[in-house]
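Colleague: Could you walk me through this one? I would like to hear how the pieces fit together.

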Amino acid sequence: MLNTHLFKSFTLFFFLLTANVAFGQTAYKVKDIPDPKKNGGGYVSDPDLILGDGAVSTLNGTITQFEHQTNVQVAVVIVNDFDHDKEDFDFAYALFNTWGIGSKTSNNGLLLFISKDRRKYRFITGTGIEGVLPDVKLKHIAEQNLLPAFRQNDFSTGITNTINAIGVIILNPEHKSELNQFFTQRESNSSLENFWLPTGIIILAFWGVFKIVNRQAKNGLNLKAFDKKSSYDTTIAKGCGVIFFLIIACIFVLVFTGAFDIFRNIKLAQVPYILFSILAIGLFFRYLFYISQLRKAHQDDKNFFDSVVAFHKKNWWLVLFSPIILIAIIIHLIKRVKTIDRFKPILDSKNNPMIRVDRDINIEGEPFLTPGQRKEEVVKAYDYDIWESADDKEHIIKTWPAEEYNGYTECPECNFRTYKLNKRVTVKQATYSHAGQAKLINECSFCKKTEFIKWITLAMLVESSSSSSSSSSGSSSSSSSSSSSWGGGSSSGGGTGGSW
């Protein structure tokens, strides 16, 4: 009876011990890893007590010396297990950026992350330390110091030897001078030189450029001659629409992927370059708007090309502020060359040069063009050049394909190139509750001949389901809350790792 009682007691004790050990094996998430900076100001996080107190104290003292002499911040994290939904790189990378190891301006941090149960180790480096501790060097240090001891389950010795080997490199006088030169660069360069001065110069320069271009637009164009609708440029609208779409798409990606951390890698000294690029793009669209207004101001193609050439000769320097304008200038030059033969004077029956009718003065081309020919010009199927003799007794009409030449064909009824094939006309708009309807027709813009082809069903609108994923970014929104205790550094993913 006594033996049975002892057996039951022993079984119960063994079960409780096993259960306690099982529950003690925590699979840590990033937010659950204790931050040593908040727990005594150390550098080593060992929540599962794998290392001895003496080893942790020694490591903290060694790493403190590193930071005092080189400004490098090193963090060591060792746990039994971590989030099973993450690989060791993803976990260590997220932990590095969550804590913000290293200086915010220098990104001079280094993290050594170890999982005992998974037998994984991972180095994550800040961008500012990758030159002194490249991935290959860290891999070599791990193979020589970390892995041999870990295979003997001597984690204290392995980590201590590894940190000491890293210290040999960063405390080396040659490497130390390189580190100091890089890490203290922010102190030797004033913010006036790196940010405020170039930013101010860029803003003032572009303010002056936009002012000059706007003044030329007001003085060089009779904008009052156009109503508000005609001055609206579809090219600019499409360009702005594309930019707006890209901005929205980028914001969507950043929000729903938690990728806002990429902005932390942007240094203050890089802001003037980014600002210049944005203003250069804005100037390019302002240039396109001006060219579009010249197009609207001139019904006559020759006058338009001459105006563009005059503008380019006067404002070639805009390329210095927006190099992409050079592409537009080259395109206009190519188009100009192609029109040389078109605008070359032709001779009448007496071999005398004829005079080309200025279509800015005679917009409708009367009395030379028929209504059908004028309609072909309106839909941009043809351009008509009218040449008239000096004595007004002869005239010749030259026909040139226009921008929408391929979009039209000859009408079987009136024989003018104003017949639009497969034109879709919406009869009933689609909504979220029912489908829509449209008809496909062939239609002449001049004689209004219409040929019905078929009916088309427009698909019913579907609501976007993207809002359901909005909660996925919540866990990463607080990732920078503890970064101030370290310095706000970040990593771009450098480092190395492996198993033992």
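Modeller: Happy to, and do keep in mind that this is a predicted model. Let us begin with Ile 291, which counts as buried at 6% relative accessibility.

Colleague: Which helix holds Ile 291, and which residues beyond its sequence neighbours is Ile 291 in contact with?
Modeller: Ile 291 belongs to helix H10, residues 271-297. One partner is Phe 304, 13 residues away in sequence and 9.2 Å away from C-alpha to C-alpha. Setting aside neighbours within four places in sequence, the contacts of Ile 291 are Phe 304, Val 308, Phe 311, His 312 and His 332.

Colleague: Thanks! Which residues have the most contacts inside the largest nonpolar core?
Modeller: In soluble globular proteins, nonpolar side chains tend to be buried together. Here the largest nonpolar core has 52 residues, and those with the most contacts inside it are Leu 51, Leu 111, Phe 113, Leu 133 and Ile 159.

Colleague: Which element gives the most to this core?
Modeller: The largest nonpolar core, with its 52 residues, draws two or more residues from each of helix H2 (53-70), strand S3 (73-79), helix H3 (88-99), S5, S6, H4 and H5. With 7 residues, the element that gives the most to this core is H5.

Colleague: How many residues are in the second, separate core?
Modeller: Among the members of that second core are Leu 283, Val 308, Leu 318 and Ala 328. Val 308 is also one of the contacts of Ile 291. The number of residues in this second core is 21.

Colleague: Back to Leu 51: which residues is it in contact with, leaving aside its neighbours within four places in sequence?
Modeller: Leu 51 is listed with those that have the most contacts inside the largest core. Ile 159, from that list, is also a contact of Leu 51. The full set for Leu 51 is Val 44, Asp 46, Val 56, Leu 59, Ile 78, Phe 155, Ser 156 and Ile 159.

Colleague: Which strands stand at the edges of the open sheet of 5 strands?
Modeller: The order of this open sheet is S2-S3-S5-S6-S13, and its pairing is mixed. Two of these strands have a single partner strand each, so one side of each is left without a neighbour in the sheet. Those edge strands are strand S2 (44-45) and S13.

Colleague: In what sense do S2 and S3 run, and how many bridges join them?
Modeller: One position to look at is Ser 45, which stands opposite Val 77 in S3. S2 and S3 run parallel, and the number of bridges joining them is 2.

Colleague: Where does helix H4 bend?
Modeller: Helix H4 covers residues 135-150, and its buried residues are Leu 138, Ile 141, Ala 142, Leu 146, Leu 147, Ala 149 and Phe 150. These buried residues pack against strand S5 (109-115), strand S6 (120-125), helix H5 (155-170) and strand S13 (497-499). H4 lies across S5, S6 and S13, at about 150 degrees to S6. The bend is about 40 degrees, and its place is Ala 142.

Colleague: And at what angle to S3 does H5 run?
Modeller: H5 lies across S3, S5 and S6. The angle between H5 and S3 is about 165 degrees.

Colleague: Is Asp 81 buried or exposed?
Modeller: Asp 81 is in strand S4, residues 81-82. Its side chain makes a polar contact of 2.6 Å with the side chain of His 84, and its contacts farther along the sequence include Thr 26, Tyr 28 and Arg 118. The relative accessible area of Asp 81 is 12%, under the 20% cut-off, so Asp 81 is buried.

Colleague: What is the average twist from one strand to the next in the open sheet of 3 strands?
Modeller: That sheet runs S10-S11-S12 with antiparallel pairing. S10 and S12 are its edge strands, each with a single partner strand. The twist from one strand to the next averages 25 degrees.

Colleague: Which residue in S11 does Lys 420 stand opposite?
Modeller: S10 and S11 pair over 7 bridges in the antiparallel sense. The residue in S11 opposite Lys 420 is Glu 443.

Colleague: Lastly, is the peptide bond from Glu 366 to Pro 367 cis or trans?
Modeller: Most peptide bonds are trans. Pro 367 lies in the loop between strand S7 (355-356) and helix H14 (371-378). With omega near 0 degrees, the bond from Glu 366 to Pro 367 is cis.

Methods. Residues numbered from 1 in each chain as written. Predicted model: local features only at pLDDT ≥ 70, side-chain atom pairs only at ≥ 80, totals over all residues. Heavy atoms only, no water. Helix = DSSP H or I, 4+ residues; strand = E, 2+ residues; numbered from the N terminus. Pairing = 2+ DSSP bridges. Axes fitted to C-alpha atoms, helices over the stretch in contact; angles between N-to-C directions. Buried < 20%, exposed > 50% of the residue type's maximum accessible area, 1.4 Å probe, protein only. Polar contact = N/O pair within 3.5 Å; in protein donor to acceptor, adjacent residues only side chain to side chain. Contact = heavy atoms within 4.5 Å. Bend = angle between axes of the 7 residues up to and from the residue. Core = buried A, V, L, I, M, F, W, Y, C linked by side-chain atoms within 4.5 Å.
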